[in-house]
Amino acid sequence: MLLKVQELVARQQPIELQGTLDMAELFRDNSEYNPLAPMKFDLVAKAADDRILVSGQLSCDVRMQCSRCLDKFDETIAVPFEEQFRIVEDGEADLSEDDEAVPVTEERIDLSPYLAEELVVQLPYAPLCSEDCKGLCPECGMNLNEQSCGCNTEKIDPRMAALQDWFKSQKE
């Protein structure tokens with residue numbers, strides 16, 4: 001998706017950008033995240049002085065794998081998007097480190113990598129199918145959301161294991 005810099009600056013009016021961006025190639029080898037449809041974007045690009053501000057909303061339906069129970073579930077990820085670009089001449093000095101604007105020397109800005117990056121960064125690190133997901137049994141691997149198993153999941157600190165036997169001998 002290309003944004004024409006000179007056209008935007010000459011117009012001095014915001015440009016609305018709406019459409020979709022296919023994310024399938026980005027997630028091709030990823031088993032945890034799978035986009036179900038192209039990412040939708042609804043953006044507004046504004047030019048002011050030597051700056052271009054692109055802001056709006058991104059959304060994408062994604063199939064994810066729960067980090068506790070390993071089941072697949074679908075969720076719509078909606079994230080705000082805001083990126084600032086600075087128009088620079090070819091011979092102009094580099095931007096200062098404090099300036100967060102992306103330098104632009106071309107006549108067109110390809111927004112696709114910026115949109116894809118924002119979506120990837122906003123994906124949950126450890127997705128959960130629900131907040132109260134019980135996960136898998138550490139002993140037998142059964143999904144505890146579907147049914148409970150009879151495994152003994154009581155953990156005893158190995159440093160205190162000798163005391164457990166000491167209490168048993170006093171009861172006898």
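L115 touches M1, L21, M39, F41, L43, L58 and F81, leaving aside residues up to four places away in sequence. The model is predicted. L115 is one of the buried residues of helix 2 (residues 112-122), and with L3 and V54 it touches the most other members of the largest nonpolar core.

**Helix 2**
- The buried residues of helix 2 are S112, L115, A116, E118 and L119.
- Seen down the helix axis, these buried residues fall within an arc of 160 degrees, so they line one face of helix 2.
- The exposed residues E117 and V121 sit on the face turned away from the buried side of helix 2.
- Strand 2 (15-21), strand 4 (39-48), strand 5 (51-65), strand 6 (72-87) and strand 8 (108-110) are the elements against which the buried residues of helix 2 pack.

**Largest nonpolar core**
- This core holds 36 residues, and L3, V54 and L115 touch the most other members.
- Two or more residues each come from helix 1 (5-11), strand 2, strand 4, strand 5, strand 6, strand 7 (102-104) and helix 2.
- Strand 5 gives the most to the core, with six residues.

**S112**
- S112 is found in helix 2.
- Its relative accessibility is 15%, and buried means under 20%, so S112 counts as buried.
- The side chains of S112 and D110 make a polar contact at 3.2 Å.
- S112 also touches M1 and L21, again not counting residues up to four places away in sequence.
- M1 and L21 are likewise among the residues that L115 touches.

Conventions: Residues numbered from 1 in each chain as written. Predicted model: local features only at pLDDT ≥ 70, side-chain atom pairs only at ≥ 80, totals over all residues. Heavy atoms only, no water. Buried < 20%, exposed > 50% of the residue type's maximum accessible area, 1.4 Å probe, protein only. Helix = DSSP H or I, 4+ residues; strand = E, 2+ residues; numbered from the N terminus. Arc of directions from axis to C-beta. Contact = heavy atoms within 4.5 Å. Core = buried A, V, L, I, M, F, W, Y, C linked by side-chain atoms within 4.5 Å. Polar contact = N/O pair within 3.5 Å; in protein donor to acceptor, adjacent residues only side chain to side chain.
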